[in-house]
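Here is a quick tour for someone meeting this structure for the first time. Have a look at the model, and then read on.

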Amino acid sequence: MGSGFSTYRPKAIYLDIDGRIQKVVFSKYCSSSDIMDLVCIATEKEELFQSVLTQVAEQFSRAFKINELKTEVTNHLAMLEKRFELEGLKAVEIEKCKSDIKKMREEMTSRNNRTTCPCKYSFLDNNRKLMPQRDVPAYPKHVIITISFSISLQMLSCLEHMYHDLGLVKDFNINPITLKRWLLCIHDNYRNNPFHNFRHCFCVTQMMYCMISLCFLQEKFSQMDILVLMTAAICHDLDHPGYNNTYQINARTELAIRYNDISPLENHHCAVAFQIISQPECNIFSNVTTEDFKKIRQGIITLILATDMARHAEILDSFKEKMENFDYTNEEHMIYLKMILIKCCDISNEVRPMEVAEPWVDCLLEEYFMQSDREKSEGLPVAPFMDRDKVTKPTAQIGFIKFVLIPMFETVTKLFPMVEELMLQPLWESKNRYEELKKIDDAEKKVKHNNALLMTHKYLIIFLDHILKNL
C-alpha cells in the first residue's frame, strides 16, 4: 500500500543548543552516520551530541509518527487475530493470515529493538528461478470452458480443480497449499515462447483431463497412473527454450552435450520437473512412500521422454503391435497406452474448434520461423517445414494431420470408440479445410504465375515491335 503522498518531502529536526535553535534537514536516503555528522555540525561540539539525543528521539517520533504507526499496526494485528479466530477461514486464507500476523509481529519487535535509522534495504536473491516467487493467491475456483488464451490465474485454478476433481489430492494426501505453490512454480518455469509456453502446458493437461473422463480411464488405470498422466502433462515442456532438438544437436548446445544428443529437451524437462519437486514447499509427493515415489518418478520420466517426436514412429508401431491383443493387465501394454495418450494430448490442437486451433498454428509457425532464421544466420541446416520462404499454413498442417495425427487417433479409437466423434472427426474436418485452403492458395499462385507470363509476353512483343520498326 502507498503512503498517500505523490512525492517525498525531506524531514527536519530542531535542536535547542544553549538557547539557540538549530535546524537539521535530512532525507530518507541518509545513513545513520550521515545524520550523526549533521547533528555534530549543528551542535558545533561533538561532546554535546549525547545531550541532544533525547530531543532527536522525541522529534523523530513526531516526524515519522512512530506512535501512530505502532497503534495502527497493533489494531490491524488485533483485527487479523480476531478474524482468524472467529471467521473459520479456508486453508489458504488461514495460511495468509498467519503469514501477515508473523510479519507484523516481527516488524513491531524490530521497531522496538532498533537504535538506528533503517536507511538501507536488503533484497532477497530472486535469481533462483525454481523458487515460487509470490504468495499463494486465492485464485477463483471456477472452470473455464473456453481455454484459448485465458489468463494465468484462471488456468492455474483449472489445473488445481482437475487434481481435486480426479481425487488425486485426497488419495495422495497432497497439501492444498503445496499444490498451489507447485503450480505457481511450474508456471514460472515455462518461458514466454510463441508456442511452447504455459498456455500449451495447460492445453495439453486439459486434453488429458478430457480423455480421462471421456474414456473412463479411472476404470482402467490405477490412481497412481492417473497422477502420473496428469503430472507428466503439466511438466512435459518445462523450460523449453523455443528451439527444438534438431537445433540443439546441430548447434552443439549445452543441453545436447549434457544429454549426449539423446532427447536433450525432454531430458531437460524431466530434470527441471524434479528439481521443482525436490523443494519441500513444492513437493506434492511428500506424503507418498519411498517406493511409490520411485514408481511415480519413473512413470513421469517415461511419459515425458515419449513426447520426443523423433520417437513417434517407434512408439506408434509398438503400440499397434500390442493393439492386436491388448491386455489391460499387461504392464508393458499399459505403459505404451500411457505413452500414446500423452502424445495425443501433446499434439491435439487440431482436435479443438477452428477458432481455438488456428491461432496455435500461427504460434507454432512463428516459433519455427524464429528457429530457421537463427539456423540460417549460424550456417546450420534448415528443415523445409520450418523455412518461412517455403512453408505455408495449409502445407504445414495437411501432412501433419494426415500422416501423424489421424493414424494415431485412429489407433486409439480402436480401443476407445468414443474418441471417434469428439476427436477423430474434427481431425478429418480440419484436414479437409486445409486442403480447400491449399486449393485456393494454389489457384491464386497459378493466376499470379499466368499474369507474370502474360506481362513477360507483352513486353517481349513490344520489344520485338520496337526492333522491327528500327530495321
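Contact here means heavy atoms within 4.5 Å. With that in hand, and keeping in mind that this is a predicted model, let's start with one helix.

**Helix H13 and its cover**

Helix H13 runs over residues 290–305. Does its length add up? What span should its 16 residues have at 1.5 Å a residue? They should span 22 Å, and the end C-alpha atoms are 23 Å apart, which agrees. Several residues of H13 are tucked away: Ile296, Gly299, Ile300, Ile301, Leu303 and Ile304 are buried. The elements covering the buried residues of H13 include H9, helix H12 (264–277) and helix H15 (331–346).

**The annotated site**

Next, a set of residues picked out by a record. An unreviewed UniProt entry places the feature "binding site" at His200, His236, Asp237 and Asp346. These residues are spread over 147 residues of sequence, yet they cluster in space, with a largest C-alpha distance of 10.0 Å. His200, His236, Asp237 and Asp346 also belong to the lining of the second largest pocket.

Two members of this set deserve a closer look. His236 sits in the loop between helix H9 (223–235) and helix H10 (245–250), and Asp237 has its place in the loop between H9 and H10 too. Buried or exposed: which is His236, at 0% relative accessibility? The limit for buried is under 20%, so His236 counts as buried at 0%. Asp237 is buried as well, with a relative accessible area of 5%.

What surrounds them? Leaving out residues up to four places away in sequence, His236 touches Tyr190, His200, Cys201, Val204, His269, Ile304, Thr307 and Asp346. One of these, Ile304, brings us back to H13, where Ile304 is among the buried residues. With the same kind of neighbours set aside, Asp237 is in contact with Tyr190, His196, His200, His269 and Asp346.

**A buried serine in H18**

Elsewhere, Ser430 is found in helix H18 (residues 419–469). Ser430 counts as buried because its relative accessibility is 5%. Not counting residues up to four places away in sequence, Ser430 touches Glu350 and Ile401.

Here are the polar pairings of these residues side by side.

| Side chain | Partner | Distance |
|---|---|---|
| His236 | backbone oxygen of Ala233 | 2.8 Å |
| Asp237 | side chain of His236 | 2.9 Å |
| Ser430 | side chain of Glu350 | 2.6 Å |

**The nonpolar cores**

Finally, the nonpolar interior. Which residues touch the most other members of the largest nonpolar core? Of the 94 residues in that core, they are Tyr163, Trp182 and Met230. Apart from the largest core lies another one, of 6 residues, among them Phe195, Cys203, Val356 and Trp360.

As for Met230, the residues touching it, not counting those up to four places away in sequence, are Met162, Tyr163, Leu166, Leu168, Thr205, Met208, Tyr209 and Ile212.

How values were computed: Residues numbered from 1 in each chain as written. Predicted model: local features only at pLDDT ≥ 70, side-chain atom pairs only at ≥ 80, totals over all residues. Heavy atoms only, no water. Core = buried A, V, L, I, M, F, W, Y, C linked by side-chain atoms within 4.5 Å. Buried < 20%, exposed > 50% of the residue type's maximum accessible area, 1.4 Å probe, protein only. UniProt positions renumbered as here; feature names shortened; annotations may be inferred. 1 Å grid on protein atoms, 1.4 Å probe; cavity = no way out; pocket = protein on both sides within 12 Å on 5 of 7 lines; lining within 4 Å. Helix = DSSP H or I, 4+ residues; strand = E, 2+ residues; numbered from the N terminus. Polar contact = N/O pair within 3.5 Å; in protein donor to acceptor, adjacent residues only side chain to side chain. Expected span 1.5 Å × (residues − 1).
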